[in-house]
Amino acid sequence: MKPFGPLALCASALILPGLALAQEAGSAASTASAGVYTAAQAERGQAQYSQVCAACHGEDMGGIDVAPPLTGTTFSGNWKGQTAAALANRIRTTMPLNNPGTLGIAASADVTAYVLSKNGYPAGQAELPKEPSRLQQIKLD
Ligand code: HEC
């Protein structure tokens, strides 16, 4: 038995901090299916989307040519498990592809809310925050 002692200790030292982290994340975070944007915000996002995104991604987000769909299995395959911060940041810094960085932080949150709405995530009582630190707490489940 003796030689296994240190090994077992070592294994639990690796596993326990992982568990603690997972619990911490679980208690601080919310999930997008809990309703993390408002209907009014998604409407603002829709106006933005029609103006600056629809030409490439399609009015229905179905995708056109090389611009991928922003709904359905393509979208969920890429984004499920990631945070709302990752998505909003991707949109804010790389889109619109022909003019990246022009949306601004508030409009990016609004457009992100609209994208969430088109992917079946429900509206809720509070707006999707624009601060990355708060978006980081929201998981796309
Ligand atoms: C000029 C065309 C064009 C415009 C305008 C445009 N996009 Fe894109 N978008 C693309 C292309 C092409 C890709 C894939 C290549 C890449 O990521 O650069 C993409 C990728 C994306 C992705 C990543 C999709 C995924 O699942 O990985 C998101 C999200 C996105 N666009 C959102 C938007 C939003 C929101 C807007 C409006 C603010 C917008 N795009 C405007 C062409 C465009």
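How far does a polar side-chain atom of Arg90 lie from an oxygen atom of the ligand? The distance is 2.5 Å, which falls under the heading of a polar contact, a pair of N or O atoms within 3.5 Å. This is a predicted model, in which local features need pLDDT of at least 70 and side-chain atom pairs count only at pLDDT 80 or more, while totals for chains, interfaces and linings use all residues. Residues are numbered from 1 along each chain as its sequence is written, and side-chain values use heavy atoms, with hydrogens and water left out.

Two other side chains also have an N or O atom paired with the ligand. For His57, the partner is a nitrogen atom of the ligand at 2.8 Å. For Asn78, the partner is an oxygen atom of the ligand, at 2.8 Å.

Around the ligand there are 19 residues, and the closest are Cys53, Cys56, His57, Arg90 and Met95; to be near, a residue must have a heavy atom within 4 Å of the molecule. By class, this shell has 15 nonpolar, 3 polar and 1 charged residues. Here Ala, Val, Leu, Ile, Met, Phe, Trp, Tyr, Cys and Pro count as nonpolar, Asp, Glu, Lys and Arg as charged, and the others, Gly among them, as polar.

His57 deserves a separate look. This residue is found in helix H3, residues 54-57; a helix is a DSSP run of H or I with at least four residues. His57 counts as buried because its relative accessibility is 11%, and buried means under 20% relative accessible area with a 1.4 Å probe, protein chains only.

Notes: Helix = DSSP H or I, 4+ residues; strand = E, 2+ residues; numbered from the N terminus. Buried < 20%, exposed > 50% of the residue type's maximum accessible area, 1.4 Å probe, protein only. Polar contact = N/O pair within 3.5 Å; in protein donor to acceptor, adjacent residues only side chain to side chain.
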